Protein chains: 2
Amino acid sequence: MTPRSPRPRDRGIPEATVARLPVYLRALQGMAERGTLTISSEDLASIAGVNSAKLRKDLSHLGSYGTRGVGYDVDYLVYQISRELGLTQDWTVAIAGVGNLGRALANYGGFGTRGFRIAALFDADLRVVGDEVAGLVVRHIDTLEDVVGSEDVAIGVIATPAVSAQGVCDRFVEAGVTSVLNFAPVVLNVPPAVDVRKVDLSIELQILAFHEQRKADGQAPPEAGWIDATEKT
Amino acid sequence: MTPRSPRPRDRGIPEATVARLPVYLRALQGMAERGTLTISSEDLASIAGVNSAKLRKDLSHLGSYGTRGVGYDVDYLVYQISRELGLTQDWTVAIAGVGNLGRALANYGGFGTRGFRIAALFDADLRVVGDEVAGLVVRHIDTLEDVVGSEDVAIGVIATPAVSAQGVCDRFVEAGVTSVLNFAPVVLNVPPAVDVRKVDLSIELQILAFHEQRKADGQAPPEAGWIDATEKT
DNA sequence: AGGTGTGAAGGCATTCACAGCA
DNA sequence: TGCTGTGAATGCCTTCACACCT
């Protein structure tokens with residue numbers, strides 16, 4: 001009696017794994033371009049900056065795509081990860097706020113090597129509206145609802161000043177956007193069905209400052225070789 | 001016989017807590033500006049987008065700064081968190097790469113409401129070197145070592161193209177920088193004494209795409225109210 | 001031999017629930 | 001009475017170590 005749609009596999013991929021898949025994907029795409037056909041978990045892990053056990057466990061959540069004694073087929077793994085991340089289809093993106101940051105984002109060419117299409121840029125400043133940025137004409141923010149509807153925007157990027165962020169977010173959500181990437185330094189309030197990810201420069205700097213202070217205090221520099229950066233992230 | 005420097009308190013603050021302190025700090029600074037004197041864990045947690053138990057446990061790692069039956073003194077807590085994060089001193093920052101993103105970062109005024117000072121901007125492009133950006137003259141990348149040394153730069157921000165990022169990072173590290181904030185889409189290799197944090201647009205988008213696909217597949221929209229964004233981050 | 005896939009163990013982080021203090 | 005501070009419980013993530021397959 002329980003309504004169940006037929007689910008092929010377990011689909012329960014841990015969030016921590018999801019966050020690393022894009023890193024693996026980028027590394028693999030680099031390998032593919034250089035003509036590498038197969039790669040071991042050891043080697044891929046080293047490039048991606050994680051340890052090999054973690055990499056294998058991560059990949060095992062997608063299925064058994066490796067060959068014992070050999071490794072993983074690069075192209076095949078690129079495809080499987082892309083599919084799992086939902087990159088075999090294109091997602092439509094709209095950016096609100098065409099200041100320095102908004103421009104930087106709009107011009108950021110290889111949007112993760114395809115998978116995303118910028119459909120519109122919005123701004124409230126009439127001196128900016130009408131300008132051409134990254135091949136798009138900047139629209140007035142009041143056309144947001146129309147455009148999100150007609151272009152079927154899935155992801156809204158907020159690059160506005162802090163004070164405008166919640167308002168713009170509300171409008172995105174009201175118009176049907178279910179994923180938001182927030183660059184404004186505020187905590188956004190959204191319904192549970194909407195996903196929000198945030199990128200916050202000053203938070204990152206403050207975290208670094210904390211560790212900087214630690215290093216300055218008790219001077220215990222554990223100097224002993226080189227490690228990969230993502231290990232700590 | 002074990003060499004021990006005298007440690008006042010336990011200083012062992014969990015990394016997850018450190019990452020949230022800046023959020024609390026920002027919320028508290030907002031309260032302080034609006035003249036609020038005290039705040040309960042419940043209210044502060046709600047503003048910061050976490051639950052109150054987590055907030056209390058986080059703050060308890062700094063000490064017992066609350067008053068039972070009352071709440072926390074806003075100004076006092078602002079000070080304690082600032083001190084813990086190392087924001088009572090100024091950290092010197094240098095930005096490498098003055099493209100769209102580098103400009104956006106340089107112009108990002110309230111660098112977390114003080115605590116950070118941009119000492120220099122570097123670029124390899126001679127058409128950019130000499131330009132004035134955010135009140136600073138862009139220097140050639142080859143002066144990096146000199147400036148980092150003379151200005152005592154603690155934090156290096158990498159806003160260069162991907163191909164240049166590791167090279168610039170190496171130069172920062174070699175010159176004595178021990179914290180790096182990386183905006184380039186590459187995994188940086190650094191010695192263990194150096195902290196790296198990364199900000200990666202395409203990774204964030206890909207994570208959103210994954211969840212977007214999930215929502216589209218099994219259409220089980222858990223509609224039931226509003227929550228705070230940071231809960232999921 | 002060589003390298004994947006995975007049960008089991010260990011370590012962190014979150015949440016609960018309440019003792020204890022103002 | 002009201003709200004903080006915290007042991008205890010729970011759950012998630014990482015790491016280990018090795019069985020198993022090619």
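This talk describes how two protein chains meet each other and two DNA strands in a predicted model.

Good morning, colleagues. I shall begin with the contact between the two chains and then take the DNA strands in turn.

On the side of chain B, 84 residues are in contact with 83 residues of chain A. The size of an interface is often given as the accessible area lost when the parts come together. For chain B and chain A that area is about 7,900 Å², and carbon and sulfur atoms give 62% of it. Within chain B, the residues that lose the most area to chain A are B:Arg197, B:Gln206 and B:Leu208, which together make up 9% of what that side buries.

Let me turn to the polar side of this interface. Six salt bridges are counted between chain B and chain A. One of them joins B:Lys215 to A:Asp195, with the closest N and O atoms 3.1 Å apart. There are also 26 residue pairs in polar contact between the two chains, both residues being at pLDDT 80 or more. Which element of chain B gives the most to the side that touches chain A? That is helix H8, residues 201-217, with 16 residues. By class, the side of chain B that touches chain A holds 45 nonpolar, 19 polar and 20 charged residues.

I now come to DNA strand C. This strand has 24 residues around it, and those that come nearest are A:Ser41, A:Arg56, A:Tyr72, B:Arg20 and B:Asn51. Of the strand C atoms that come within 4 Å of the protein, 62% belong to sugar and phosphate. Two phosphate contacts may serve as examples. The side chain of B:Arg20 places an N or O atom 2.8 Å from a phosphate oxygen of strand C, while a polar backbone atom of A:Gly66 is 3.0 Å from a phosphate oxygen of that strand. A base is approached as well: a polar side-chain atom of B:Arg56 lies 3.5 Å from a base nitrogen of strand C.

Both chains supply elements here. Helix H3 (52-60), strand E2 (66-67) and strand E3 (71-73) of chain A each give at least two residues to the surface near strand C, as do helix H1 (15-33) and helix H3 (52-60) of chain B. The largest share, four residues, comes from H3 of chain B. That surface has six nonpolar, 10 polar and eight charged residues.

DNA strand D is next. It is surrounded by 24 residues, the closest being A:Arg20, A:Asn51, A:Arg68, B:Ser41 and B:Tyr72. Of the strand D atoms within 4 Å of the protein, 65% are in sugar or phosphate and the rest in bases. A phosphate oxygen of strand D is 2.6 Å from an N or O atom in the side chain of B:Ser41. For the side chain of A:Arg20, the corresponding distance to a phosphate oxygen is 2.8 Å. In B:Tyr65, a polar backbone atom is 3.3 Å from a phosphate oxygen of strand D.

For the surface near strand D, the largest share, four residues, comes from H3 of chain A. By class, this surface has six nonpolar, nine polar and nine charged residues.

I close with the aromatic rings. Two aromatic pairs are counted over all chains. In A:Tyr65 and A:Tyr76 the ring centres are 5.4 Å apart and the planes stand at 80°, so this pair is edge-to-face. A:Tyr65 lies in the loop between H3 and E2 of chain A and A:Tyr76 in helix H4 (residues 74-85), so the pair ties together parts that are 11 residues apart in sequence.

Thank you for your attention.

Key: Residues are numbered from 1 along each chain as its sequence is written. Chains are lettered from A and ligands numbered from 1 in the order in which they are written. This is a predicted model: local features need pLDDT of at least 70, side-chain atom pairs count only at pLDDT 80 or more; totals for chains, interfaces and linings use all residues. Side-chain values use heavy atoms; hydrogens and water are left out. Contact means heavy atoms within 4.5 Å. Buried area is the accessible area (1.4 Å probe) that two parts lose on being put together, summed over both. A salt bridge is a side-chain nitrogen of Lys or Arg within 4 Å of a carboxyl oxygen of Asp or Glu. A polar contact is a pair of N or O atoms within 3.5 Å; within protein, one must be able to donate a hydrogen and the other to accept it, and residues adjacent in sequence count only if both atoms are side-chain atoms. Ala, Val, Leu, Ile, Met, Phe, Trp, Tyr, Cys and Pro count as nonpolar, Asp, Glu, Lys and Arg as charged, and the others, Gly among them, as polar. A residue is near a molecule or strand if one of its heavy atoms lies within 4 Å of it. Rings of Phe, Tyr and Trp (its six-membered ring) pair if their centres lie within 6.5 Å; planes under 30 degrees apart count as stacked, over 60 as edge-to-face and the rest as tilted.
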